[in-house]
Every structure is written in C-alpha cells, then in structure tokens.
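Welcome! Please take a moment to turn the structure around on your screen, and then we will walk through it together.

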Amino acid sequence: MKLEGFNPPFTKIAPYYDRLMSFVNYRSWVNHIERIIMMHNIKEKILLDIACGTGVCLELWLEKGYRVIGLDASESMLDVCRKRFSQNLLNNGRVKLIQQDMRNFSLDEQVPVATCLYDSLNYLLTSEELLNCFKSVYLNLKDGGIFVFDMNTRHALEVEWGNQRFERRDGPIHSIWDNTFEPVTGISTLKLTLNVYQNGDIFTFKEIHQERAYPIDEIKKLLSQVGFEVNLYRHLTFNPASEFDTRIMGVARKI
Ligand SMILES: C[S@@+](CC[C@H](N)C(=O)[O-])C[C@H]1O[C@@H](n2cnc3c(N)ncnc32)[C@H](O)[C@@H]1O
C-alpha cells in the first residue's frame with residue numbers, strides 16, 4: 001500500500017526500532033523457545049531467525065552458544081543488526097546475515113531450528129504468500145527440525161489495535177500509532193509517525209505498516225499442507241491456542 005508522505009515499512013524506523021521495542025522481554029521468548037528445542041531433542045546449535053530485524057534475538061542465541069543466521073528483507077534493519085556484532089563474529093561465520101524475502105528464500109545449508117518472531121508472518125498479506133513462506137522454511141529445515149513462530153490473532157488486530165490511535169514517548173522519540181482494521185480482509189493498517197527530538201531539532205518520519213490476521217485453522221492447514229506436524233499454543237505457554245488469545249505461538253516439525 002502506498003500513501004502520500006508515508007514510507008514503506010522498515011525503511012526509516014530501523015535506527016529507532018530497538019528503543020521503541022525496549023518493553024519486549026525477548027530474553028523470556030528465547031528461553032521459552034530453548035525449552036521447546038530441548039523437548040524436541042535437538043542438540044545441534046544452529047538457528048535461522050527469519051525476519052530477524054535488528055537482531056536482538058540473534059544476540060541472545062549467540063550468548064547461548066548458537067551459530068546464527070539472520071534473514072531479513074529490509075536493508076536498513078540489517079544495517080542496524082550488523083552493527084550489533086563484531087567483525088570477527090561476522091567473518092568467522094558465527095553470525096551470518098542475509099537479505100532475502102521470506103516468501104521465497106534459500107540457504108546454502110539446512111538448519112535444525114528456524115524462528116520467525118514478533119508478528120513478522122502477519123506482514124504476509126495473502127494466504128499464498130504465507131504458504132510460500134512455509135514451503136521455503138520446510139525446504140531449508142533438516143528432517144526432524146522445528147520452526148517456531150508467533151503471530152498476532154484477529155482479536156489482537158481487530159479489538160486490541162482496532163481503529164484507535166495510540167501515542168507514546170520513549171526517550172527522545174514521540175510516536176503516534178494510527179490503526180485501522182478492515183474486517184473483510186482481516187488487514188490492519190498502521191500509519192506510524194515518529195517525531196525524534198535531537199539537539200533541539202525535531203525530525204519526523206512516517207511509515208505505513210500492514211498486518212493480516214489468519215484464523216488458527218488456516219495456519220494449521222497451510223503448515224500441514226506443506227508437510228509439517230503442527231501445534232499452536234497461546235504465546236509463551238503450552239496451552240492450546242484460541243481465537244481469543246492476542247498472540248499465538250506455533251511449533252511446526254518437519255517430518
Ligand atoms: C516486527 S519486525 C520483527 C523483527 C524481529 N523479528 C523482532 O522480533 O524484533 C518485522 C520484520 O519482518 C521483516 N519482514 C517483513 N516482510 C518480510 C519479508 N517478506 N521477507 C523478509 N523479511 C520481512 C521486516 O523487515 C522486519 O524486520
């Protein structure tokens with residue numbers, strides 16, 4: 001979607017992303033996923049993070065002894081991500097960053113674990129795109145490997161975000177989040193404005209973001225169609241996912 005004065009998603013926001021997301025407890029997410037990896041008896045410490053963004057989770061996996069691959073389509077998010085790691089880690093292959101589209105990607109190795117976190121899959125706006133992404137993940141996973149992801153539910157996009165404006169202040173960043181939900185398509189459109197205060201000046205950036213909600217049954221169906229064995233949970237729990245949850249978590253195993 002193009003809108004006068006608004007930039008595409010993840011073009012301008014990258015340098016401010018971590019500050020805006022500083023309330024997210026990524027460490028607890030990674031710890032929970034590590035438990036899931038152990039439950040699947042996966043010993044090999046190699047992890048692909050699809051839509052890795054600025055790489056907060058990559059760094060946490062690295063701390064846990066993993067060799068990591070970060071994949072993202074956005075150059076500016078990857079630029080911020082790259083700065084997180086030393087040249088040594090990037091040169092010796094402990095951290096590999098690749099710019100590819102999650103709807104159709106290929107790695108030069110199959111991995112035992114892939115993740116895709118924090119709404120990233122909701123950015124795929126058609127079932128076909130979501131299916132294509134699941135197919136790519138499947139092809140790039142080892143047999144017995146797992147794909148762990150989260151997604152916003154329709155409840156999150158329609159009720160929690162709805163047709164509302166939120167405003168926040170995070171240090172020097174004043175952000176305005178204008179949400180509109182379209183019930184027929186299940187798509188939420190966010191017009192995001194960032195006013196950044198720096199040395200007495202104000203810099204304004206605008207981006208447009210769209211996320212689509214998929215019914216739980218459809219997510220399961222698409223993953224099964226590709227060949228995955230699937231379980232969907234309420235985020236960060238092992239309770240079955242429900243349409244009343246805000247965020248759900250999927251664990252798909254390549255069989
Ligand atoms: C909400 S951010 C999440 C970033 C990171 N996973 C996190 O937890 O902070 C969504 C990310 O998805 C990426 N993304 C969106 N569409 C993509 C696509 N088709 N292929 C690859 N990356 C994509 C964006 O560039 C952005 O970095």
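With which side chain does the side chain of Asn-152 make a polar contact of 2.9 Å? The partner is the side chain of Asp-119. Before going further, keep in mind that this is a predicted model.

Let us stay with Asn-152 for a while. You will find Asn-152 in strand β5. With a relative accessibility of 4%, below the 20% cut-off, Asn-152 counts as buried. A second polar contact, of 3.1 Å, links its side chain to that of Glu-211. If you set aside the neighbours within four places in sequence, the residues in contact with Asn-152 are Asp-119, Asn-122, Leu-157, Trp-161, Glu-211, Ala-213, Thr-246 and Arg-247.

Now move on to the ligand. There are 18 residues around the ligand, and those that come nearest are Tyr-17, Tyr-26, Ala-51, Asp-72 and Met-102. The shell around the ligand is made up of eleven nonpolar, four polar and three charged residues. Some backbone atoms are worth a look here. A backbone N or O atom of Ala-51 sits 2.7 Å from a nitrogen atom of the ligand, and for Met-102 the corresponding distance from a backbone N or O atom to a ligand nitrogen is 2.8 Å. Leu-117 also has a backbone N or O atom 3.2 Å from a nitrogen atom of the ligand. On its own the ligand would expose 590 Å², and the protein buries 92% of that.

Tyr-26, one of the residues that come nearest to the ligand, also leads us to helix α2, which covers residues 26–39. How far apart are the end C-alpha atoms of helix α2? They are 20 Å apart, which agrees with the 20 Å expected for 14 residues at 1.5 Å a residue. The buried residues of α2 are Tyr-26, Trp-29, Val-30, His-32, Ile-33, Glu-34, Ile-36 and Ile-37. They pack against α1, β1, α3, β4, β5 and β11, so β5, the strand of Asn-152, turns up again here.

Just after α2 comes Asn-41, in the loop between α2 and β1. Its phi is near 60°, a positive value in a residue other than glycine. Why is that worth pointing out? Most residues other than glycine have a negative phi. Asn-41 counts as exposed, because its relative accessibility is 54% and the cut-off is over 50%.

Next, look at helix α8, residues 216–226. Its buried residues are Ile-216, Glu-218, Ile-219, Leu-222, Leu-223 and Val-226. Among the elements that cover them are α6, β5, β9, β10 and β11. Gly-227 follows α8 and has a positive phi, near 120°.

Our last stop is the loop between β10 and β11, which holds Leu-236 and Ala-241. Leu-236 has a positive phi near 65° and is not a glycine. At 30% relative accessibility, Leu-236 counts as partly exposed. Ala-241, leaving out neighbours within four places in sequence, is in contact with Ile-216, Leu-232, Tyr-233, Arg-234 and Ile-248. Of these, Ile-216 is one of the buried residues of α8. Finally, trace the chain between Thr-153 and Ala-241: they are 88 residues apart along the chain, and their C-alpha atoms are separated by 9.8 Å.

Methods. Residues numbered from 1 in each chain as written. Predicted model: local features only at pLDDT ≥ 70, side-chain atom pairs only at ≥ 80, totals over all residues. Heavy atoms only, no water. Near = heavy atom within 4 Å. Polar contact = N/O pair within 3.5 Å; in protein donor to acceptor, adjacent residues only side chain to side chain. Areas by Shrake-Rupley, 256 points an atom, 1.4 Å probe, with all protein chains shown as cover. Nonpolar A, V, L, I, M, F, W, Y, C, P; charged D, E, K, R; others polar. Helix = DSSP H or I, 4+ residues; strand = E, 2+ residues; numbered from the N terminus. Expected span 1.5 Å × (residues − 1). Buried < 20%, exposed > 50% of the residue type's maximum accessible area, 1.4 Å probe, protein only. Contact = heavy atoms within 4.5 Å.
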